Amino acid sequence: MKNKNVETYCNTSLRNTKNKSAFTLVELLVSISLAIVLMVSISMFVTDWVKNITLQKNIVDTNSDFNDFKSIFSNTLSSANKYLTWFTNSTGALFKLDKSYSVWWFAYIWEQSFTGTYCSGTDNDSTNHLIIKNFVPFESINTDLFSGYNYDDGTYKTSFFSGIISKSWIAFTWTYFGPTDLIINWTDMYVSDTLNNTVLKFDKTNTNIAPVIVAWKPGNFGSDLNSLNNPTWLAFWDNILFIADTLNNRILYVSGWIVSELLNREDWIREPTGLYYDSASKTLYIANSGAGEILSYSSKSSISNPNLNINLNINQNITWITDLLLKFYSGNNLASPINITGTPSFSFTNISNTAWTVSTWITLKYTFWTANTFNPGTSYQVNINSLPTSFASTWNYFVNMTLSGTSTWTENFPYFTQSDNNILTKSDNILKVITGWLSYPTWIKFDWTNIIFSDFLERKIKTIDLNWNYISDSPLQVFDFSHIAYNKYSDYMLNTPIKSLDLWFFSSNIFSFNLEYYKNYSCNNSKDNISRTYLFKKYLK
C-alpha cells in the first residue's frame with residue numbers, strides 16, 4: 001500500500017506538473033498579446049500626443065507669424081492715400097503711400113503660389129501666401145513697369161523686379177537688388193541699384209568686370225551726402241553726374257568723386273524720379289513725382305537794369321499811407337542794401353500818385369501828395385522803369401517795399417536774376433513749375449521744343465510745349481502685375497499658407513480685406529487643416 005500510494009502520488013504530481021506547464025504557455029501567449037495591444041495603445045497615445053504637441057506648436061507659430069503680419073499690414077495701410085489708390089483685381093491691390101508717414105512710395109498686396117516653400121519634399125508642396133511688396137514705380141523712356149524692364153535701349157536692360165542688368169541678354173556679373181535707371185557716358189555705364197541704395201559704375205564693354213560703387217554705402221540708406229535712399233534716375237552734363245535721390249527728396253551731383261547737393265526738400269523737391277539735362281539751354285528738367293509736377297531748373301542769361309513790376313496783395317485795411325520806400329538786396333544779404341543812383345520813373349494802378357521822388361544811397365522813397373488807403377480785394381500795382389542801379393554781381397535780387405504812414409506794411413518781392421549760366425551755382429538759378437496736377441510722373445525728356453513724360457497712375461505718355469500747352473498723349477501698358485514677383489530682400493511674405501483672399505473698395509475710400517488663412521496646415525493630410533478668417537476694414541483718408 002505504501003508503495004502504491006507513493007506511485008499514485010508521483011503520477012498525480014506528474015500530471016499536475018504537465019497541466020501547470022500547459023497553463024503557463026497560454027498565459028504567456030495572452031501576455032504577449034496584451035503587451036502588443038498595450039504597446040500599440042501607448043504608441044498611438046504617444047503619436048497623438050506628439051501630433052497634438054506639433055499641432056499646438058504650429059498654432060503658436062502661426063499666431064506669432066500672423067501677429068507680425070497684422071502689424072506690418074496695418075502700418076502699411078495706415079499711410080495709404082485714397083486719392084492715389086487703385087484697385088486692380090480680386091487677387092491684388094495697389095496703394096500709393098503718404099511719404100510723410102512711410103519710408104516707401106507704393107505698396108502692392110497680393111497672393112502668390114510657392115512650391116517647396118512651406119511643405120518641402122512632400123507631394124502636397126504647393127501653397128499660397130500673402131505678399132506685401134513695397135516698390136519703386138520707375139519707368140524709363142521706351143519702357144514701362146509692366147513690360148518687365150525698367151530700362152531697355154535694345155542693347156542694355158535693367159529689371160527692378162528680377163534684379164537683372166544685362167548687355168545683349170548677357171547678365172553683368174554681380175548681385176543686384178533692384179536696378180532701375182541706366183546711363184552711358186563714353187565707355188562707362190552707370191546704374192542705380194535702387195533697393196541697395198547705391199549707384200554703380202561699370203565698364204560697359206565687359207560684363208565680367210565687377211562695378212565700382214560711386215561714393216555710397218551698399219545696403220544702407222541715409223540722408224548724409226555719403227548715403228542714398230532709393231536713388232532712381234541719372235543724368236549727365238559733361239562729366240557731372242546728376243542723381244535723383246528719391247526718398248531723400250533731393251537732387252545730387254557728382255564731380256570727380258565729390259558729392260554735392262543741388263536741390264532738396266526746402267526747394268519743394270518731393271520724390272523725384274525723372275531727370276533730363278538739356279545742354280543747349282543749360283536746363284535740368286525734373287519729374288517731381290511726389291508733388292505731381294514737371295520742373296525746370298536753369299541758369300538764365302544776364303539782364304541789365306530790368307524794369308520792376310509789383311502786384312500788391314493787401315490782406316488788411318491800411319490807412320493814411322504817405323510814403324512808399326524801396327530797398328534792393330542781393331541773395332539773403334539783408335544787412336547791406338544795394339546803392340541806388342539816379343531817379344527812375346514810377347507808374348501806379350489804383351494808387352493816387354501825384355508826388356515827388358527822393359533818391360538816396362540805399363532807399364528809394366516816393367512821397368504821395370495825398371495819403372492813400374489800401375483795402376483788401378483791390379488790385380494795386382507799382383511799376384518802376386529805367387532803374388539806374390547797376391547789378392553787376394551774379395545773384396538773385398529782390399526788393400523790399402514798405403508802405404508807411406499812420407500804419408506800416410512791408411513785404412519782399414523777387415526782382416530778377418543775374419546769371420553766370422552755370423546750373424551748379426544755385427544762387428542765381430531759377431526753379432519753376434512747367435506743369436502740375438499729375439498723378440505720378442516718372443520719366444522725362446526734352447526734344448528741343450517739347451517736354452515728353454509719363455504719368456504712372458494714369459498710364460499715359462504726355463507731350464507739352466514750354467508754355468504749358470497740351471499737345472498730345474499716348475497710352476502706356478495697362479496695369480499688369482504678372483511681372484511682379486516676390487523679392488526676399490525687400491518684400492514681406494506671410495509664412496502661414498492662406499486659403500483665400502478677397503479685396504474690395506467701397507465708396508472709393510473704404511477698403512475691405514478678407515483673408516482666410518490656415519491656423520494649422522498639414523502638408524500630408526488636408527483633414528488636419530484648420531482655417532480662420534481675418535477681416536480688416538480701413539477708411540482711407
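In this predicted model, the largest nonpolar core takes in 44 residues, and Phe135, Phe242, Leu275 and Leu284 are the ones that touch the most other members. Strand E3, running over residues 106–115, gives the most to this core, with four residues. A second core sits apart from that one; it holds 28 residues, with Phe328, Ile340, Ile384 and Tyr415 among them.

Leu275 is worth a closer look. With neighbours within four places in sequence set aside, Leu275 is in contact with Trp233, Leu234 and Ala235, and also with Phe242, Ile243, Ala244 and Ile251. The rest of its contacts are Leu284, Tyr285 and Ile286, plus Ile444. Two of these partners, Phe242 and Leu284, turn up again in the group that touches the most other core members.

Turning to the strands, there is an open sheet of four, ordered E5-E6-E7-E8 and paired in the antiparallel sense. Its edges are strand E5 (151–152) and strand E8 (170–171), each of which pairs on one side only. Between strand E6 (residues 156–159) and strand E7 (residues 164–167), the antiparallel pairing runs over four bridges. Within E7, Ser166 is the residue that Lys157 stands opposite.

Out on the surface, Trp504, Phe506, Ile510 and Tyr539 make up a nonpolar patch, with about 410 Å² of accessible area together. Trp504 belongs to strand E34, which covers residues 498–506. Trp504 counts as partly exposed because its relative accessible area is 43%, a value that falls between the 20% limit for buried and the 50% limit for exposed.

Methods: Residues numbered from 1 in each chain as written. Predicted model: local features only at pLDDT ≥ 70, side-chain atom pairs only at ≥ 80, totals over all residues. Heavy atoms only, no water. Patch = residues over 30% accessible without salt bridge, like charges linked within 9 Å, V, L, I, M, F, W, Y side chains within 5 Å. Areas by Shrake-Rupley, 256 points an atom, 1.4 Å probe, with all protein chains shown as cover. Salt bridge = Lys/Arg side-chain N within 4 Å of Asp/Glu carboxyl O. Helix = DSSP H or I, 4+ residues; strand = E, 2+ residues; numbered from the N terminus. Buried < 20%, exposed > 50% of the residue type's maximum accessible area, 1.4 Å probe, protein only. Pairing = 2+ DSSP bridges. Core = buried A, V, L, I, M, F, W, Y, C linked by side-chain atoms within 4.5 Å. Contact = heavy atoms within 4.5 Å.
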